[in-house]
Amino acid sequence: MTDDSERGHGRTGKGAAAVLRTASVAAGVAAAALLVVDFRLTGPAGRQVLAVALTAAFVSTCAGAASGLTDRLMRPAVRRARRLLAQEPDPWGPDREFFAPVRRLMLLGALQTLAGVLVLLTVYPLALWAGVRICGAAGLPARLTGTWPVFVSGLLVAAVATTASTFLALFRRRTGRAAARSLAAVLLNAAALALASLVLDGIRLDPAPGWRQALALCAAAALFMLPRITLSLPVPGIASIVLVAYHCLLLWLICAAFACADPRLHADGLWPLAGAAALMWAAEWPARLAAGRARGAAARPAPALPDPFPPDHGFPSGPLY
């Protein structure tokens with residue numbers, strides 16, 4: 001009876017997670033259809049909602065299957081490397097054998113990151129293109145043409161779906177604080193990009209209704225947060241310079257991707273681009289500081305309990321006196 005109830009709860013949890021993931025992808029599909037010029041949904045609202053739901057279900061299934069396949073392929077190697085790391089090393093052995101488990105874990109982590117990037121750059125655009133074709137075959141009003149619009153639409157779906165899933169994680173007790181920090185970083189980046197378009201001459205957003213401009217800024221901020229990296233170097237200030245340069249390159253790629261979007265985000269010149277990247281880096285600073293404090297608090301060891309029976313002489317004689 002207990003086993004059956006546990007299995008039922010497990011299946012219910014997996015079903016709820018799949019529904020939430022599909023809802024997040026549906027938000028990404030709707031945002032891409034509103035922003036990308038060559039991705040359009042026409043016809044009555046009910047048929048548009050049905051097309052978004054069908055496309056989102058297909059994209060979510062394909063992305064989940066690809067991620068699950070890569071995890072399943074990498075899991076035995078990761079377990080083997082962790083088992084080797086847990087074993088007591090030979091202190092008289094060569095350094096190559098001593099650090100071999102650490103190198104193996106680092107290599108596997110890099111391979112997992114590369115697999116995630118490949119899923120992002122290939123599975124999402126291809127699944128979105130196939131989902132739109134399925135909608136067209138079913139008689140639903142969906143149209144997506146062009147290689148570059150397909151690629152940009154897939155990236156927008158992944159970025160907005162990630163942000164939407166972060167918003168949904170706000171209502172969970174375990175992940176609420178981390179989700180609030182991530183969502184605050186996205187909103188701060190969107191606000192900094194809006195400020196840059198107001199105060200910098202080379203950064204501008206095409207005229208459009210206010211809600212479309214807000215959607216474009218939030219989508220650009222979501223794309224900006226998609227390849228999330230952190231960097232710490234021993235020389236003060238160098239890490240900030242490297243991060244601003246990386247943000248400048250990333251913002252230039254986002255502006256290039258918005259060439260097929262409406263409204264379009266423009267960046268004319270290197271210095272306006274660098275100024276916008278610096279503004280976004282500075283605006284995100286409180287969220288990074290809060291995330292660093294949370295990581296430090298999680299890594300801090302628990303305080304040692306005092307010894308209830310200290311020795312008579314009063315001098316330390318062990319870990320607890």
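Tutor: A residue counts as buried under 20% relative accessible area, as exposed over 50%, and as partly exposed in between. The model discussed here is predicted.

Student: Is Arg204 buried, partly exposed or exposed?

Tutor: The relative accessible area of Arg204 is 37%. Buried residues are under 20% and exposed ones over 50%. Arg204 is therefore partly exposed.

Student: With which residue does Arg204 form a salt bridge?

Tutor: The structure holds one salt bridge. The closest N and O atoms of the pair are 2.3 Å apart, within the 4 Å that a salt bridge requires. The partner of Arg204 is Asp268.

Student: How many residues apart in sequence are the parts that this pair ties together?

Tutor: Arg204 belongs to strand S3 (residues 203-205). Asp268 is in the loop between strand S4 (265-267) and helix H9 (270-283). The pair therefore ties together parts whose separation in sequence is 64 residues.

Student: Which helix gives the largest share of the largest nonpolar core?

Tutor: The largest nonpolar core has 58 residues, and those with the most contacts inside it include Val29, Leu128 and Phe258. Eight residues of this core, its largest share, come from one helix, spanning residues 147-168. That helix is H5.

Student: Which residues does Phe258 contact, leaving aside neighbours within four places in sequence?

Tutor: Phe258 is among the residues with the most contacts inside the largest core. Once neighbours within four places in sequence are set aside, its contacts are Ala216, Ala219, Ala220, Leu223, Pro263, Arg264 and Leu265.

Student: How many residues does the other core have?

Tutor: This core lies apart from the largest one. Among its members are Ala185, Ala190, Ala221 and Ala287. The count is six residues.

Student: What is the accessible area of the nonpolar surface patch that includes Leu118?

Tutor: Leu118 lies in helix H4 (residues 100-137). At 46% relative accessibility, Leu118 is partly exposed, so it passes the threshold of over 30% for patch residues. Together with Leu107, Leu111 and Leu114, it forms a patch with an accessible area of about 370 Å².

Student: What is the geometry of the aromatic pair formed by Phe167 and Phe171?

Tutor: The count of aromatic pairs comes to two. In the pair of Phe167 and Phe171, the rings are 5.6 Å apart, centre to centre, with 90° between their planes. An angle over 60 degrees is the criterion for one class. The pair is therefore edge-to-face.

Student: Which relative accessible area makes Phe171 exposed?

Tutor: Phe167, at 42%, is partly exposed. The cut-off for an exposed residue is over 50%. Phe171 is exposed because its relative accessible area is 62%.

Terms used:
Residues numbered from 1 in each chain as written. Predicted model: local features only at pLDDT ≥ 70, side-chain atom pairs only at ≥ 80, totals over all residues. Heavy atoms only, no water. Core = buried A, V, L, I, M, F, W, Y, C linked by side-chain atoms within 4.5 Å. Buried < 20%, exposed > 50% of the residue type's maximum accessible area, 1.4 Å probe, protein only. Helix = DSSP H or I, 4+ residues; strand = E, 2+ residues; numbered from the N terminus. Contact = heavy atoms within 4.5 Å. Patch = residues over 30% accessible without salt bridge, like charges linked within 9 Å, V, L, I, M, F, W, Y side chains within 5 Å. Areas by Shrake-Rupley, 256 points an atom, 1.4 Å probe, with all protein chains shown as cover. Salt bridge = Lys/Arg side-chain N within 4 Å of Asp/Glu carboxyl O. Phe/Tyr/Trp six-rings, centres within 6.5 Å; stacked < 30°, edge-to-face > 60°.
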